[in-house]
Amino acid sequence: MARFNKIYAGPVTEPTPQVQERICAAAVLPGTALVESGANFAQAGANTGEKFYIAQDNYLALKGVDDAWPAGDTVIGMEALDEQFFNVRVPTGTNVARGAKLTTSAAGKFVLATAGQNVCVFAEEAFNNNTGSDQLVRARVARRNAAVA
């Protein structure tokens, strides 16, 4: 069961984020990172340095944040702007501190960045994911070209 019921977390004074709709060949979990692949989306790979989007929950089909978009479906990817908050997916066993620098895993989930890796988002809350399943953690997008020294 997810800690949050939406991927876009605000602020409420901001209009909802700009989105792109594209087909993705693989099943996609909301809160994971997507990248452009030609005219389609693909799940972001490990340590992505590309422009990325965050997969939105499939509200059009009345699905929740733990329901994957089916393979071959049109997925909604939210443009990640640094003044907005998102609930991003972190794998089980990830201990996130507030302000932690996160990059992407090979599955498009957000993991702790290490030396030399690109920083995609900064955690806006502390959460020790020992729940046994992926969880959503509040984050803010890092400015472009951020990297761990």
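Let me start at one contact: the charged end of Arg138 sits over the ring of Phe4, 4.7 Å from its centre. "Over a ring" here means that NZ of Lys or CZ of Arg is within 6 Å of the ring centre and within 35 degrees of the ring normal. Arg3 does likewise with Phe127, its charged end being 3.9 Å from the ring centre.

A word on the source. This is a predicted model, where local features need pLDDT of at least 70 and side-chain atom pairs count only at pLDDT 80 or more, while totals for chains, interfaces and linings use all residues. Residues are numbered from 1 along each chain as its sequence is written, and side-chain values use heavy atoms, with hydrogens and water left out.

Next, rings with rings. Rings of Phe, Tyr and Trp (its six-membered ring) pair if their centres lie within 6.5 Å; planes under 30 degrees apart are stacked, over 60 edge-to-face, the rest tilted. That rule gives 3 aromatic pairs. One of them is Tyr8 with Phe86, edge-to-face, at 5.7 Å between centres and 65° between planes. Tyr8 belongs to strand E1 (residues 8-10) and Phe86 to strand E7 (residues 85-90), 78 residues apart. Strands are DSSP runs of E, at least two residues, numbered from the N terminus.

Are Tyr8 and Phe86 buried or exposed? Both are buried, that is, under 20% relative accessible area with a 1.4 Å probe, protein chains only.

Phe86 also appears in the largest nonpolar core, which has 25 residues; Phe86 is among those touching the most other members, as are Phe52 and Ile54. Such a core is a set of buried Ala, Val, Leu, Ile, Met, Phe, Trp, Tyr and Cys residues joined through side-chain atoms within 4.5 Å. Strand E13 gives this core its largest share, 4 residues.

Definitions and conventions. Buried means under 20% relative accessible area, exposed over 50%, partly exposed in between (1.4 Å probe, protein chains only).
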